[in-house]
Amino acid sequence: MIAATPGADGAILALEGARLQLRRGLPPTRPATLALMPGDFALVDAGDEAGCIAFADAATGLAAPVSGRVVFMGRDWAQAGPDDANAMRGRIGRLGSAGGWVEALSVEENVLIQQ
């Protein structure tokens, strides 16, 4: 498991009424509220690969929500400057959908190996 310091409310990642743009040309999602606490797991079905990438981009502060907030370790991505946002992203293990996976390792080991 990746070590992270939770925000004041205890959440590692929180979507607070966030409406996300998952596909160009389509309306954004309905407002979503989610709080992932240390040790939590959530499976998000964003429909297809493009939607999954767009969700991951929003969760890591690379794409701003249309409305609402996305908060990582107590900090709103929209309020973090570029250097702070990059430092925050450095604490996140993210792998792409194509390539990069070592078949002999578990998912956890694949995520942690970049550390």
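## Starting with a salt bridge

Which side chain does Glu16 meet in a salt bridge? The partner is Arg69, and the N to O distance is 2.7 Å. Bear in mind as you look around that this is a predicted model. Glu16 sits in strand E1 and Arg69 in strand E3, so this pair ties together parts that are 53 residues apart in sequence.

The link between these two residues also shows up in the backbone pairing, as Arg69 in E3 is the bridge partner of Glu16. How buried or exposed are they? Glu16 has 32% relative accessibility, so it counts as partly exposed. Arg69 comes out at 36% and therefore counts as partly exposed too.

## The sheet around it

Now for the sheet. Four strands form an open sheet in the order E2-E1-E3-E4, and the pairing is antiparallel. At the edges you'll find strand E2 (32–36) and strand E4 (75–76), each of which pairs on one side only. Strands E1 and E3 run antiparallel and are joined by five bridges. In general, strands of a sheet pair through backbone hydrogen bonds, either parallel or antiparallel.

Ala14 is a handy spot for getting your bearings in strand E1. This residue is buried, with a relative accessible area of just 5%, where the cut-off is under 20%. Not counting residues up to four places away in sequence, Ala14 touches Leu34, Ala35, Arg69, Val70 and Val71. You can also look from Ala14 across to Met37: these two are 23 residues apart along the chain, and their C-alpha atoms are separated by 8.8 Å.

## A network with three members

Back to Arg69, which has a second salt-bridge partner. Its side chain also meets that of Asp76, at 3.6 Å from N to O. Because the salt bridges share partners, Glu16, Arg69 and Asp76 are joined into one network.

Asp76 is worth a stop of its own. You'll find this residue in strand E4. Is Asp76 buried or exposed? With 12% relative accessibility, Asp76 counts as buried. Its side chain reaches the backbone nitrogen of Ala78 at 2.9 Å. Leaving aside neighbours within four places in sequence, Asp76 is in contact with Arg69, Val70 and Val71.

## Another link, between loops

How many salt bridges does the structure hold? There are four. One of them brings together the side chains of Asp48 and Arg23, at 3.1 Å from N to O. This pair links distant parts of the chain: Asp48 belongs to the loop between E2 and H1, Arg23 to the loop between E1 and E2, and they are 25 residues apart.

Asp48 has 35% relative accessibility, so it counts as partly exposed. Arg23, at 23%, is partly exposed as well.

## The nonpolar core

Time to look inside. The largest nonpolar core has 19 residues, and the ones touching the most other members are Leu15, Leu20 and Val70. Strand E1 (13–19), helix H1 (49–59), strand E3 (67–72) and helix H2 (82–89) each supply at least two residues of this core. Which element gives the most? That would be H1, with four residues. As a general point, nonpolar side chains tend to be buried together in soluble globular proteins.

Leu20 is a good place to see who meets whom. Setting aside its neighbours within four places in sequence, Leu20 is in contact with Leu15, Pro28, Thr29, Phe55, Ala58, Pro65 and Val70. Two residues in that list, Leu15 and Val70, were named together with Leu20 among those touching the most other core members.

## A ring pair and an unusual angle

A search of the whole structure turns up one aromatic pair. The rings belong to Phe72 and Trp77: their centres are 5.6 Å apart and their planes are at 10°, so the pair is stacked. Both Phe72 and Trp77 are buried.

One last stop is Met73, in the loop between E3 and E4. Its phi angle is near 50°, which is a positive value in a residue other than glycine. Is Met73 buried or exposed? At 16% relative accessibility, Met73 counts as buried.

Notes: Residues are numbered from 1 along each chain as its sequence is written. This is a predicted model: local features need pLDDT of at least 70, side-chain atom pairs count only at pLDDT 80 or more; totals for chains, interfaces and linings use all residues. Side-chain values use heavy atoms; hydrogens and water are left out. A nonpolar core is a set of buried Ala, Val, Leu, Ile, Met, Phe, Trp, Tyr and Cys residues joined through side-chain atoms within 4.5 Å. Buried means under 20% relative accessible area, exposed over 50%, partly exposed in between (1.4 Å probe, protein chains only). Contact means heavy atoms within 4.5 Å. Rings of Phe, Tyr and Trp (its six-membered ring) pair if their centres lie within 6.5 Å; planes under 30 degrees apart count as stacked, over 60 as edge-to-face and the rest as tilted. Two strands pair if DSSP finds at least two bridges between them. A polar contact is a pair of N or O atoms within 3.5 Å; within protein, one must be able to donate a hydrogen and the other to accept it, and residues adjacent in sequence count only if both atoms are side-chain atoms.
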